[in-house]
Amino acid sequence: MSLFRNPSKEPLWKDEFSVFTSDERYVSRRQFSKFLTLASLGMFVGNLWILAKAYFAKAASFPSVAVGEVGEIPVRGVKLFAYPTSQDHCILIRTGEEEYVAYSQKCTHLSCAVYFSAKEDRLECPCHQGLFSVRDGSVLQGPPPRPLPQIILERDGARLLAVGVKGN
Amino acid sequence: MGNLERFKQRRGLVAINGAMGLIVILLIFQIWLLSATLEAFLAGHTGAVLPAAIFSGGVFLGCLALNLFVTRVDHESRKH
């Protein structure tokens, strides 16, 4: 049993296009099993790619960025900002007099932008009716598989600072 | 083609069909494994990534072995 054909044997065309009708069933099955094995190789490469991403990806750096002033937004009001990069849109929500929470605005289902529903006191994704808790970003309903990444906030005097991302 | 050759051909075809069925089952498992690993990775759980890759590699080797078996049976059954 060898991996490669022996070139001294019959030419490839004779092997693949046999003159015997009964051999056609063999050729089609052999080619299909070769295709399935290549598909299996593709799956394995996919797993290796995830492995490489998990082990060699650079750890994300989270700078300390001022996202707003205390009292800048009313209670149950929101402010949009970007953190940690200008491509990562986030939503800052004032849930109480002295309570602020911030989440990534990207829905964990298909990346639509979520918004805060003050009436229902929850974050809602308009695309597929995914609902998230405003307390911790957990999924309340709908297809999102994971909670919203939460932006870690710190207070520096009158300023609100974003210092990290939890659950990213 | 004599009766013996015809019998050998039919037997070879059954063996190839069985091997192909096994490859399909392994492939379905591998597709599930890949999607589950991706889901876990995106959720931030990287602990399952290495075992999944090892399992996937094992399944691929299994498919390769079955493919070699199919090739061998094919060559042996088609000797006229």
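Where in chain A is the place of Pro84(A)? In this predicted model, Pro84(A) lies in the loop that runs between S2 and strand S3 (89-96) of chain A. Its surroundings count as partly exposed, because 18 other C-beta atoms lie within 10 Å of Pro84(A), whereas a buried residue would need 20 or more. Leaving aside residues up to four places away in sequence, Pro84(A) touches Ala60(A), Phe62(A), Pro63(A) and Val165(A). With Val165(A) the separation in sequence is 81 residues, yet the two C-alpha atoms are 8.3 Å apart in space.

To place this loop in its setting, it helps to step back to the whole chain. Chain A contains two helices and 10 strands, and along the sequence both helices come before the strands, in the pattern α-α-β-β-β-β-β-β-β-β-β-β. Of its 168 residues, 21% count as buried, and among the contacts with a separation of 6 or more, 31% are made by residues 24 or more positions apart.

Six of the strands of chain A form an open sheet with antiparallel pairing, in the order S1-S10-S9-S4-S3-S2. Strand S1 (65-69) and strand S2 (78-82) of chain A stand at the edges of this sheet, and each has a single partner strand, so one side of each is left without a neighbour in the sheet. On average, and with direction ignored, neighbouring strands of the sheet are turned by 35° against each other. Within the sheet, strand S4 (residues 99-104) and strand S9 (residues 150-156) of chain A pair in the antiparallel sense over two bridges, and in one bridge Tyr103(A) has Gln150(A) of S9(A) as its partner.

Strands S5, S6 and S7 of chain A can be followed in turn. Strand S5 (residues 115-117) of chain A runs antiparallel to S6(A) and is joined to it by three bridges, with Tyr115(A) standing opposite Glu124(A) in S6(A). The hairpin of these two strands has four residues between them, and Asp121(A) there takes a positive phi near 55°. On the other pairing, four bridges join S6(A) to strand S7 (residues 130-133) of chain A, again in the antiparallel sense, and here Glu124(A) stands opposite Leu131(A) in S7(A). S6(A) and S7(A) also form a hairpin with four residues between them, in whose turn Gln129(A) has a positive phi of about 55°.

How do the side chains of strand S6 (residues 122-125) of chain A point along the strand? They alternate: Leu123(A) and Cys125(A) point to one face and are buried, while Arg122(A) and Glu124(A) point to the other face and are not buried. This follows the general rule that side chains in a regular strand alternate between the two faces of the sheet.

Chain A also meets a second chain. The contact takes 28 residues from chain A and 38 residues from chain B. On the side of chain B that touches chain A, the elements that give two or more residues are helix H1 (3-42) and helix H2 (49-77) of chain B, and H2(B) gives the most, with 17 residues. By class, that side of chain B has 23 nonpolar, 11 polar and four charged residues.

As for confidence, chain B averages a pLDDT of 87, and 94% of its residues score at least 70. For the complex, the predictor gives an ipTM of 0.88 and a pTM of 0.64. Where pLDDT is low, the predicted coordinates should not be read in detail.

Conventions:
Residues numbered from 1 in each chain as written. Chains lettered and ligands numbered in written order. Predicted model: local features only at pLDDT ≥ 70, side-chain atom pairs only at ≥ 80, totals over all residues. Buried ≥ 20, exposed ≤ 12 C-beta atoms within 10 Å, placed from the backbone. Contact = placed C-beta atoms within 7 Å. Pairing = 2+ DSSP bridges. Axes fitted to C-alpha atoms, helices over the stretch in contact; angles between N-to-C directions. Nonpolar A, V, L, I, M, F, W, Y, C, P; charged D, E, K, R; others polar. pLDDT = per-residue confidence, 0-100.
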